[in-house]
Amino acid sequence: MVVFLLFASLVLHAQPRAQNDPPPDSAAGATAPAESSSAAAPASRDVSASLLPANFLRDQENLWLFPRQLAKGQHWGPTVTVVAATLALLSADPHVQPYFAHTTAFRGFDRVFSSRITGVETLAVPAAFYAIGFKRHDSYMQKTALFAGEALADVAVVRAVMNSLSNRWRPQDVFNRRSYSDTFFHNVSHIGSSFPSGHTIAAVAVATIIARRYRSHRWVPWAAYGLAGTIGLSRISLRAHFPSDVFLGTVLGYAIARFDVLQNQ
């Protein structure tokens, strides 16, 4: 399990930090001068429909070659921290999850934040950004949507690989005297493996793109991360995922969007 978690942490700090690009003007939203300034920043990555395939391939190369950086002694601090926190939550899952199997306190919340609704919301936000940006001739908003789409593609690959390797039962699969302590490497239900949470990794990735690109608007990061956090909580209350699944999905979604997709922004 420790080896598997080290593999999972490969996305941490996939790119070195550099100076941030200027966010869009807070009064005008996203203006052409702001976009030009961003594009002119040293080593700043651009995005467009034609650049997306090449960007995606570079992202995947950076992600899966991350163990080379670990072998060189880089990024061990955050990697060990994430692995340790995930292991701690894995040990706590059998004690925390039974509460959600017996409580009705989240019944109304679960109806509002069902799996289908939150999945549609995560995809609808970048689509709305692109549509509004296209209508307003706002290139900054359109590129924000494209970055979010790139992040969604990246996290989808990571989630698919990790889910297929872990084959973890979801909490709702644990019945008939099955143990919450023995959930990995089993045949899983038709809705797929649990580790990490796909809804969470996607929601946090989109939230990170928007929060970083519009960080000059004080309410935007709060709204973006707040909605992503609510989606993560819903995955636990719906018994679709364990807390450890949601935690790792949060870390991976943020790391991929912040350090791989946005890179030097």
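## A walk through an all-helix model, starting at H10

The residues of H10 that count as buried (under 20% relative accessible area, with exposed meaning over 50% and partly exposed in between, using a 1.4 Å probe and protein chains only) are Val220, Pro221, Ala224, Ala228, Ile231, Gly232, Ser234, Arg235, Ile236 and Ser237. Before going further, note that this is a predicted model, where local features need pLDDT of at least 70 and side-chain atom pairs count only at pLDDT 80 or more, while totals for chains, interfaces and linings use all residues. Residues are numbered from 1 along each chain as its sequence is written, and side-chain values use heavy atoms, with hydrogens and water left out.

Back to that helix. H10 covers residues 219-237, which makes 19 residues, and from its first C-alpha to its last it reaches 27 Å. That is close to the expected 27 Å, the expected span being 1.5 Å times one less than the number of residues. An α-helix has 3.6 residues a turn, so residues three or four places apart point the same way. The buried residues of H10 have plenty of partners: they pack against H5 (76-102), H6 (107-112), H7 (115-136), H9 (198-213) and H11 (243-261). Take Ser234, which sits in H10 and is buried, with a relative accessible area of 0%. Setting aside neighbours within four places in sequence, Ser234 is in contact (heavy atoms within 4.5 Å) with Phe109, Phe113 and Thr118. Just after H10 comes Arg239, with a positive phi of about 65 degrees; Arg239 belongs to the loop between H10 and H11 and is not a glycine.

Now zoom out. The protein chain has 11 helices and 0 strands; helices (H or I, at least four residues) and strands (E, at least two) are DSSP runs numbered from the N terminus. Of the chain's 265 residues, 48% count as buried. Look at contacts between residues at least 6 apart in sequence, and 80% of them join residues at least 24 apart. On the outside, the chain exposes about 12500 Å², with carbon and sulfur atoms supplying 63% of it; accessible areas come from the Shrake-Rupley method with a 1.4 Å probe, and for residues, only the protein chains shown count as cover.

What about the interior? A nonpolar core here is a set of buried Ala, Val, Leu, Ile, Met, Phe, Trp, Tyr and Cys residues joined through side-chain atoms within 4.5 Å. The largest one has 33 residues, and Ile209 and Tyr214 have the most contacts inside it. H5, H8, H9 and H11 are the elements that give two or more residues to this core, and H8 gives the most, with 11 residues. Not counting residues up to four places away in sequence, Ile209 touches Thr144, Phe147, Ala148, Ala151, Ala257, Val261 and Leu262. Apart from this core lies another, of 7 residues, among them Ala203, Val204, Ala228 and Ile231.

One of those Ile209 partners, Phe147, is found in H8 (residues 139-166) and is buried, with a relative accessible area of 1%. Phe147 and Asn55 are 92 residues apart in sequence, yet their C-alpha atoms are 9.6 Å apart in space.

Next, the rings. Rings of Phe, Tyr and Trp (its six-membered ring) pair if their centres lie within 6.5 Å; planes under 30 degrees apart count as stacked, over 60 as edge-to-face and the rest as tilted. By this rule there are 10 aromatic pairs. One of them is Tyr99 with Phe100, edge-to-face at 5.1 Å centre to centre and 80 degrees between the planes. Tyr99 is partly exposed at 45% relative accessible area, whereas Phe100 is buried at 13%. Tyr254 and Phe259 have ring centres 6.2 Å apart and planes at 85 degrees, so this pair is edge-to-face too. Here Tyr254 is partly exposed at 31%, and Phe259 is buried at 5%. Ring pairs also link Tyr99, Phe100, Phe106, Phe109 and Phe113 into a cluster, and two of its members, Phe109 and Phe113, are in contact with Ser234. Elsewhere, the charged end of Arg213 sits over the ring of Tyr140, 3.9 Å from its centre; the rule asks for NZ of Lys or CZ of Arg within 6 Å of the ring centre and within 35 degrees of the ring normal.

Finally, two loops have backbone quirks. A cis peptide bond joins Phe195 and Pro196, with omega about -5 degrees, and Pro196 lies in the loop between H8 and H9. His137, in the loop between H7 and H8, has a positive phi of about 55 degrees although it is not a glycine. His137 is exposed, at 73% relative accessible area.
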